[in-house]
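Please find below a colleague's note on this structure, set out as numbered points. The topics are the aromatic pair, the salt bridges and the nonpolar core.

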Amino acid sequence: MPAITRRTLLALTGAAVAVDPVSAEVRVSPKLQALIAAHEAAYAAFHRIVNRAASSRDDRARADRNEQVALLAICGQQSAEATAGPRPSTCWPLRTG
């Protein structure tokens with residue numbers, strides 16, 4: 001079975017949030033919409049840097065980290081809106097260092 005990456009997870013879950021709600025019960029806050037737009041921009045920048053021939057490993061690592069931060073912001077906002085309680089810092093454990 002193929003591994004699920006954070007990008008696959010976004011495609012399966014976050015993209016559903018970005019589309020127009022099908023039912024009146026589904027509401028996406030303006031803050032969440034802004035976070036999704038910010039992630040789309042960070043992902044586009046990541047894609048450009050990865051595909052640029054002259055990009056360095058540091059450029060790719062920085063773009064990857066920026067995209068991760070943007071995605072985690074979406075996850076945190078979704079959690080906060082779902083529970084209306086304290087917001088977790090990440091959706092899943094993120095290794096640092």
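Which helix holds both Tyr43 and Phe46, and how many residues apart are they?

1. Placement of the aromatic residues. The model under discussion is predicted. Tyr43 and Phe46 are both located in helix 2, which covers residues 30-51. They are 3 residues apart, about one turn of the helix.

2. Geometry of the aromatic pair. The structure contains 1 aromatic pair. Its members are Tyr43 and Phe46, whose ring centres are 6.1 Å apart and whose planes form an angle of 40°. The pair counts as tilted because planes under 30 degrees apart would be stacked and planes over 60 edge-to-face.

3. Accessibility of the two rings' residues. Are Tyr43 and Phe46 buried or exposed, or do they fall in between? Tyr43 has a relative accessible area of 32% and is partly exposed. Phe46, by contrast, is buried, with a relative accessible area of 14%. The two receive separate labels because buried means under 20% relative accessible area, a limit that the 14% of Phe46 meets and the 32% of Tyr43 does not.

4. Salt bridges. The structure has 2 salt bridges. In one of them, the side chain of Arg52 meets that of Asp59, at 3.4 Å from N to O. In the other, the side chain of Arg62 meets that of Asp59, with an N to O distance of 3.1 Å. Arg62 and Asp59 both belong to helix 3 (residues 57-83). Since they are 3 residues apart there, about one helical turn separates them. Through shared partners, the salt bridges link Arg52, Asp59 and Arg62 into one network.

5. Exposure within the network. How accessible are Arg52 and Asp59? Arg52 shows a relative accessible area of 42% and is partly exposed. Asp59 is also partly exposed, at 22% relative accessibility. Asp59 is not classed as buried because that label requires a value under 20%.

6. Nonpolar core. Which residues make up the largest nonpolar core? This core has 6 residues, namely Val28, Leu32, Leu35, Ile36, Ala73 and Ile74. Helix 2 and helix 3 are the elements that each contribute two or more residues to this core. The largest share, 3 residues, is provided by helix 2.

7. Contacts of Leu35. Leu35 is one of the core residues. When residues up to four places away in sequence are not counted, Leu35 touches Ala73, Ile74 and Gln77. Among these partners, Ala73 and Ile74 are themselves members of the largest nonpolar core.

Terms used:
Residues are numbered from 1 along each chain as its sequence is written. This is a predicted model: local features need pLDDT of at least 70, side-chain atom pairs count only at pLDDT 80 or more; totals for chains, interfaces and linings use all residues. Side-chain values use heavy atoms; hydrogens and water are left out. A salt bridge is a side-chain nitrogen of Lys or Arg within 4 Å of a carboxyl oxygen of Asp or Glu. Buried means under 20% relative accessible area, exposed over 50%, partly exposed in between (1.4 Å probe, protein chains only). Helices (H or I, at least four residues) and strands (E, at least two) are DSSP runs, numbered from the N terminus. Rings of Phe, Tyr and Trp (its six-membered ring) pair if their centres lie within 6.5 Å; planes under 30 degrees apart count as stacked, over 60 as edge-to-face and the rest as tilted. A nonpolar core is a set of buried Ala, Val, Leu, Ile, Met, Phe, Trp, Tyr and Cys residues joined through side-chain atoms within 4.5 Å. Contact means heavy atoms within 4.5 Å.
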